[in-house]
Amino acid sequence: MTKTMTKRLWIETVGCQMNVLDSELVVAALRRQGWELAPTQADADAVFYNTCSVRQHAEDKIYSALGRIRLEKEKRPGLVVGVLGCMAQKDQALVRTRAPWVDLVVGPGQLHQVPRLVDGILAGSGPQLEVSLDRKGGSREAIARSFESYDPDRDPAMRPTPFQAFVRTQTGCDKFCAFCVVPRVRGPEQARPPEAIVAETKKLVAEGCREITLIGQTVNSYRWTDGGKTTRLSDLLAQLDGVAGLDRIKFVTNYPRDMTPDLIAAVRDLPKVCYYLHVPAQHGSDDVLLRMKRGYTIGEYMEMLGRVREELPHAAVTSDFIVGFCGETDAEFQTTLDLVSTARFKNSYIFKYSPRPGTKAFERLPDDVPEDVKKARNQVLLDAQTEASLADNLPFVGTRQQVLVEGLSAREERREANPGPDGTAQLTGRTMCDRIVVFDAPLRLVGRLVDIDITTAGAWALAGTVADGLAAAVPLEDVHQVHQIAFGPQPAARSGV
Ligand code: SAH
Ligand code: F3S
């Protein structure tokens with residue numbers, strides 16, 4: 001493509017890390033075909049939305065964005081509007097029924113087709129739809145084949161920071177929790193070969209990456225069997241720990257039942273693996289866990305947590321919870337509240353139940369907890385977790401922590417400060433146990449591992465000074481602002497980030 005023909009793309013991403021990675025990869029593929037990122041949406045030749053279906057709210061946001069882009073499309077009929085990801089797979093042709101000005105609908109298992117489809121649309125082929133088979137739409141092999149893992153060559157320019165990257169271990173999920181649409185929209189669980197994961201990691205490290213986060217819906221269910229030899233997540237971590245130049249390895253999300261002793265030992269023994277385990281409990285009551293079809297009792301969860309605490313006393317454990325699930329009584333909600341008050345989670349992501357068509361809960365259980373009760377329970381649980389998080393953070397005051405410096409803090413981002421590489425600014429980074437730390441330091445420390453003396457703890461973050469004593473302590477008010485980075489909705493991965 002010649003320079004004058006360069007097309008410009010704007011992409012907005014909602015949802016989980018899988019979507020952030022998918023957007024990175026789609027943009028990389030289009031850049032190889034001569035596309036560039038547009039500085040603003042108004043400059044774009046194509047506007048894509050990479051979507052999420054986990055809760056209704058995420059879908060509503062996309063349909064309202066599509067309503068707004070319609071006006072732009074009326075002004076510029078040549079603008080290509082694309083809906084990618086989970087909502088494309090879930091709603092399929094319905095996306096174009098509701099928003100006929102959409103040109104492109106592509107599910108997460110068909111993203112490799114995007115460059116070809118966009119070319120087709122620009123050449124006048126009309127609207128394009130590519131989705132995978134439904135979970136009952138054929139043999140297991142045929143369904144699995146229709147959800148292709150999309151892991152083409154990376155493009156370092158596309159990552160939020162050049163020294164951190166997501167690496168996919170597997171696609172899909174076979175757990176079928178009663179509330180969850182993911183198995184439907186992301187397809188059967190399919191592992192990537194360990195060699196591909198290690199090779200991708202080595203390539204990322206050669207490009208300057210220092211931390212990788214392995215991602216899978218249930219990452220610790222990872223299994224790859226080849227010639228009678230099985231590679232589990234613990235084996236994969238051992239291989240990755242040997243990659244020279246890599247500093248840190250994280251992995252999300254863990255399924256409680258697959259938190260096996262070999263994995264806990266790997267986290268304990270492998271120096272690069274972070275002391276951070278996201279293991280969603282979802283609820284505190286056996287009856288609700290049964291209705292949710294989570295496959296464990298709270299006793300089993302606590303047994304797992306006990307093993308983690310024993311082997312990894314310094315590990316941070318985090319959870320997800322759903323409040324207001326079908327039939328949840330006050331007494332049942334209280335069990336979740338008790339769990340949060342006693343289990344010492346570093347933090348929890350709390351969601352109000354949102355019925356999802358195509359799930360067992362949607363088909364079989366009434367969504368009978370009123371919205372105002374869901375809202376109230378959400379707040380009560382959030383308050384309990386905030387208190388627990390603060391208690392969990394306080395012991396860090398007075399300790400020295402190694403921090404990977406990620407960039408400017410939220411406060412500096414808002415200020416749009418540009419202190420230059422030697423100028424001092426408020427920076428943010430994370431400890432080995434995934435705690436956010438803010439501190440004043442020269443910008444050139446971004447991307448480096450730095451020792452920080454912790455001086456203050458808030459519920460959402462720690463604050464401190466660079467260990468050589470150069471920087472000043474950060475007041476506590478600023479600590480709370482960092483909360484937005486970790487707990488606000490995923491900032492839309494817009495063009496240019
Ligand atoms: N294993 C996945 C889970 C994806 S969904 C992962 O990578 O995290 C993320 C979280 O959203 C779940 O753990 C659950 O707490 C919440 N969630 C899923 N479906 C939901 C629904 N229908 N309503 C409310 N919250 C839901
Ligand atoms: Fe969803 Fe349960 Fe899988 S929460 S992603 S069905 S483990």
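**Domains**

I started with how the chain is cut up: domain 1 covers 7–145, domain 2 covers 159–395 and domain 3 covers 397–491. Note to self: this is a predicted model.

Next I looked at how domain 2 and domain 3 sit against each other. Their centres, taken over C-alpha atoms, are 25 Å apart. I found 27 residues of domain 2 in contact with 25 residues of domain 3. Between them the two domains bury about 2000 Å², and 54% of that is on carbon and sulfur atoms. On the domain 2 side, I noted Phe163, Arg248 and Asn393 as the residues that lose the most area to domain 3; together they make up 30% of what that side buries.

**Ligand 1**

Which residues come nearest to ligand 1? I counted 13 residues around ligand 1, and Gln217, Thr253, Gln282, Asp320 and Ser354 come nearest. By class, I get five nonpolar, four polar and four charged residues in this shell.

Then I went through some N and O distances. A side-chain N or O atom of Asp320 is 2.6 Å from an oxygen atom of ligand 1. Two backbones also turn up: a backbone N or O atom of Ser354 lies 2.7 Å from a nitrogen atom of ligand 1, and a backbone N or O atom of Phe179 lies 3.0 Å from a nitrogen atom of ligand 1. As for cover, ligand 1 has 550 Å² of accessible area on its own, and the protein covers 87% of it. I also checked which elements give two or more residues to the shell around ligand 1: they are β15 (316–323) and β16 (348–352).

Thr253 made me look at the backbone too. The peptide bond from Val252 to Thr253 is cis, with omega near 0°. I placed Thr253 in the loop between β13 (248–252) and α10 (261–269).

**Ligand 2**

I listed what surrounds ligand 2. Three cysteines are there, Cys173, Cys177 and Cys180. With them I have Lys175, Phe176, Phe179, Val182, Pro183, Gln217, Thr218 and Arg294. By class, the shell around ligand 2 has seven nonpolar, two polar and two charged residues.

Two names caught my eye from the ligand 1 entry. Gln217 is among the residues around ligand 2, and Gln217 is also one of those that come nearest to ligand 1. Phe179 is around ligand 2 as well, while a backbone N or O atom of Phe179 is the one at 3.0 Å from a ligand 1 nitrogen.

Last, I checked Phe176. Phi of Phe176 is near 50°, a positive value in a residue other than glycine. I found Phe176 in the loop between β8 (170–171) and α7 (182–186).

Definitions and conventions:
Residues numbered from 1 in each chain as written. Chains lettered and ligands numbered in written order. Predicted model: local features only at pLDDT ≥ 70, side-chain atom pairs only at ≥ 80, totals over all residues. Heavy atoms only, no water. Near = heavy atom within 4 Å. Nonpolar A, V, L, I, M, F, W, Y, C, P; charged D, E, K, R; others polar. Polar contact = N/O pair within 3.5 Å; in protein donor to acceptor, adjacent residues only side chain to side chain. Areas by Shrake-Rupley, 256 points an atom, 1.4 Å probe, with all protein chains shown as cover. Helix = DSSP H or I, 4+ residues; strand = E, 2+ residues; numbered from the N terminus. Domains from an automatic or database assignment. Contact = heavy atoms within 4.5 Å. Buried area = accessible area lost by both parts, 1.4 Å probe.
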